[in-house]
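Here is a briefing on the structure below. Keep the sequence and the 3D view open as you read.

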Amino acid sequence: MAQPTSDTKALDSQVVSNTANANGSTDANGSTVSSTVVNAATAALNTVTLGASKAAEVATSAVSGVTGTFKAQEPDAPMPEETDEQVEEQIDPNHIYYHAETEDEPVTPVVESSKPKEFLTPSAPANGADYSANTAKSSASLGQVSDHQALDDSAGQESTQKAKDKSARIAKLKFADVKINESDLDEGLQVCHTALNLFLNSRMIEAERLLEEHADKRLYHALGLSVISVIKGFMTFEPQDLAVAISHCKDSLVIAQLLRKPSSAIGNLGRFVRGTGQSPQTMHGMTKVQRHAELVYAESLLLKAITGIVYSGDIFAFVSEALNMRNAYGIFRSLDKYLDWADQKHMQGTGLAHDPTIDADFRSGVYLGNGLIGVILGLLPSKLLKIMDVFGYGGNTMVGLDILSQAGKWSPDPKRTKPEIEKKDEGVRRAVCDMSILLYHLVLSTFLPVPYVNITYADKILHYHLERYPQGIFFLYFSGRLYSTQGLNERAIQQFTAARDVQKEYVQLRHICVWDMSLCNLSLGHWQEAQAQFDVLLKESNWSKAVYNYAVGATRWQSGDESAETNAVICKTTSLMQRIAGKSIPLEKFASRKSKKFKLQNRLLVPAMELGYVFHTFSNASRKSLLEVHLPEISKALGHLTETDPSAYEGGAQAHLEDLCLAHFLRGVILRFIAQPEPHAKVTPANSPIPKAEAEEQALLSLQTVLSNGSKIMLDHWLIYFAHYEIGRLYAGSGQIEKAKEQFNLVLSGKILEDKVRKGKYSLQNMCLLRSNGVLRTLEGN
């Protein structure tokens, strides 16, 4: 197998020299210091953020466990691997809105925080002192909330009991207790409009209190409270919060069931078996209240099912809630058929496209449910989708996105920057439909190579909502995601900071912003700053203590802190693991195996850079950061490996081989992104000091070096499969589509490849499968 030539050190030294001549000087470590200081900035979300990534991987892992596609491996197994007009605020004069400086920049404004300037994360100076002081302020600010932890726990227990008592009362209700007419329904919808606008303007507690008042008997009050409770449950991951969310979902189910059109038990059973809802003709005969009850029932059933799978954590709960999801899916599909049937009938009679007797609130709900289902199912691997098709599931991502856009009637034409449906005519779920579109284009697309990504389209939707909700944490966050997706790190960090500081009611939403800020620093190679933010999350967030803990240790080690305290932090990771739906979390399993590897070798090679790849930060890194920070860093590591005799290497010859493969893998990835930036990135510098063809050639040689040593890898088997994936991306980026497909199909085959000694799953297997499937389907035009 040919080895990287030019040679490796010579090429990378030349890059450092060229970039130094163009941009600044080089420090003692060989890293280029730019004449313009690069701000600490943004990166990829794993879950809405970690949450989204976690949910996707847990769901895929659970399904694969049921179907028996892969053998599960326990976390302790030895290595081998493994978010009304009366409350819509006017634009705050303290906010500064301005357009981008050049014509091809995005139109979304940068929104400065309404806090004083010192609360905004500053440019990171060379010594990091000012940044550390600012991080301390931020940590103290967040810490004020966590000082009341004991009080919060007590309040949580009280809230759980209150929810149980409320559910017990609601379970005894009769139809007469919840009966409403159309006027009552419209009044409830108006309250929901108001509550939603409060919520989107970061006034969460006000929204909750508004809905709580009649949530024990009014349809939309109950649904609105359920939605907020589910959001809170998934933000905190506290058992009592998830239990309250399930309880509120059950309440809205009871009320909706009482208001649905009565049907026979035999008819209900038949529809359940077939996985369908009522026929269009039957729905046409329903009252407005009954149709809304049908919609709310499906929404509540879906929310309860998703929350129940996470809360219960066993296979029986998974099967039971999966059947509930199938029932909800059938109802949504039937509601969609009714809309099509009513609109076609109206068009035949009048020539107009939409039946005016169907209100916008109902339409937006049908669009939301069917759109989300279509997008999610359309992204599943083809083999899994075929299995699900047998049980009546089907989805298409492009169709799902188009359905979601119908709530606001957005046009794909870049020149049409406003939606056809005005604010006064929109349905109550319209903003949530738009947020789902933003989530797909700005969040999901950064950790999965999904098709139909359109950043310009997302930009105009985001700009519209930022004008409506200038104090809204969700849209400020999405604007940060927009800039990070384009590699505009300095602007992204401003938006994440503004989003973090705009509200204090839901501290977990602030944690999401801190998470993204930490990933930004990984993109830029600012290890100490990233460590400070991971440390805040470790102390204050319950999402994944194991991942946060390992990230703290990895960034400390990468920044040169190899103290006994750092060693203890890394070794503690495995004890912090948790389970969701009865399964360990893939990212936590990865962190745990890295911790075990550290115990074996008493060292790790570039652990923060490796973690950055897992967290998708290289795709958001600017070419400038890749050239000036990451490539010199990995070249230094490779130089040390080349100069050291394997037998004299710390950890022995096997550790030398594994580290050599990791270094070449990361080098290949970095060179690929230098040669082939993401299509939506604002590339700086525009002209790379490494010619595109040479960077691609060197990337391929490094990745092939991993494969040529694959049979000797004993620990990091994941490198082999991700190397195939990266080679596929490299081929696809250079137009060699058939060669690219070969690589992705190898990964998706499920076969053991170069690592013949591997048993069980390799680390992050589901992530690799999802990424490969996403690219393959994009290439095939699906």
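Lysine 409 is buried, because its relative accessibility is 18% and the cut-off for buried is under 20%. Lysine 409 sits in the loop between α16 (397–405) and α17. The model is a predicted one.

**Backbone exceptions**

- Most residues other than glycine have a negative phi, and most peptide bonds are trans.
- Lysine 409 is not a glycine, yet its phi is positive, at about 55°.
- Histidine 616 also has a positive phi, near 65°, and is a residue other than glycine.
- The loop between α26 (607–614) and α27 (623–643) holds histidine 616.
- Is histidine 616 buried or exposed? Histidine 616 is buried, because its relative accessible area is 6%, and buried means under 20%.
- The peptide bond from threonine 684 to proline 685 is cis. Its omega is near -5°.
- Proline 685 lies in the loop between α28 (653–675) and α29 (692–708).

**Whole chain**

- The protein chain has 32 helices and 4 strands.
- The chain has 782 residues, and buried residues make up 60% of them.
- About 30800 Å² of the protein chain is exposed. Carbon and sulfur atoms supply 55% of that area.

**Nonpolar cores**

- The largest nonpolar core has 106 residues.
- Which residues of this core touch the most other members? They are Tyr220, Phe475 and Phe478.
- Helix α17 (residues 430–447) gives the most to this core, with 10 residues.
- Another core, of 94 residues, lies apart from the largest one. Its members include Met609, Ile690, Ala699 and Leu700.

**Packing of α17 and α19**

- Helix α19 covers residues 473–485. Its axis and that of α17 come within 10 Å.
- The two axes cross at roughly 35°, and α17 passes α19 in a left-handed crossing.
- On the α17 side, the contact involves Met435, Leu438, Leu439, Leu442, Val443 and Thr446.
- These meet Phe474, Phe475, Tyr477, Phe478, Arg481, Leu482 and Thr485 in α19.
- The contact residues divide into 10 nonpolar, 2 polar and 1 charged.
- Arg481 is the charged one, because Arg counts as charged. The polar ones are Thr446 and Thr485, because Thr falls among the residues that count as polar.
- Phe475 and Phe478 appear in this contact, and both are among the residues that touch the most other members of the largest core.

**Two further loop positions**

- Leucine 576 is in the loop between α24 (564–571) and β3 (579–580).
- Leucine 576 counts as partly exposed, because its relative accessibility is 24%, and that class lies between under 20% and over 50%.
- Which residues does leucine 576 contact, leaving aside its neighbours within four places in sequence? They are Lys545, Ala546, Asn549 and Glu588.
- Leucine 576 and serine 544 are 32 residues apart along the chain. Their C-alpha atoms are separated by 8.1 Å.
- Alanine 171 is in the loop between α4 (149–170) and α5 (175–178).
- Alanine 171 is exposed, because its relative accessible area is 57%, and exposed means over 50%.
- Alanine 171 and leucine 253 are 82 residues apart in sequence. C-alpha to C-alpha, they are 10.0 Å apart in space.

Notes:
Residues are numbered from 1 along each chain as its sequence is written. This is a predicted model: local features need pLDDT of at least 70, side-chain atom pairs count only at pLDDT 80 or more; totals for chains, interfaces and linings use all residues. Side-chain values use heavy atoms; hydrogens and water are left out. A nonpolar core is a set of buried Ala, Val, Leu, Ile, Met, Phe, Trp, Tyr and Cys residues joined through side-chain atoms within 4.5 Å. Buried means under 20% relative accessible area, exposed over 50%, partly exposed in between (1.4 Å probe, protein chains only). Helices (H or I, at least four residues) and strands (E, at least two) are DSSP runs, numbered from the N terminus. Axes are lines fitted to C-alpha atoms, for helices over the stretch in contact, and angles run from 0 to 180 degrees between N-to-C directions. A crossing is left-handed if the near helix is turned anticlockwise from the far one by less than a right angle, and right-handed if clockwise. Contact means heavy atoms within 4.5 Å. Accessible areas come from the Shrake-Rupley method with a 1.4 Å probe; for residues, only the protein chains shown count as cover.
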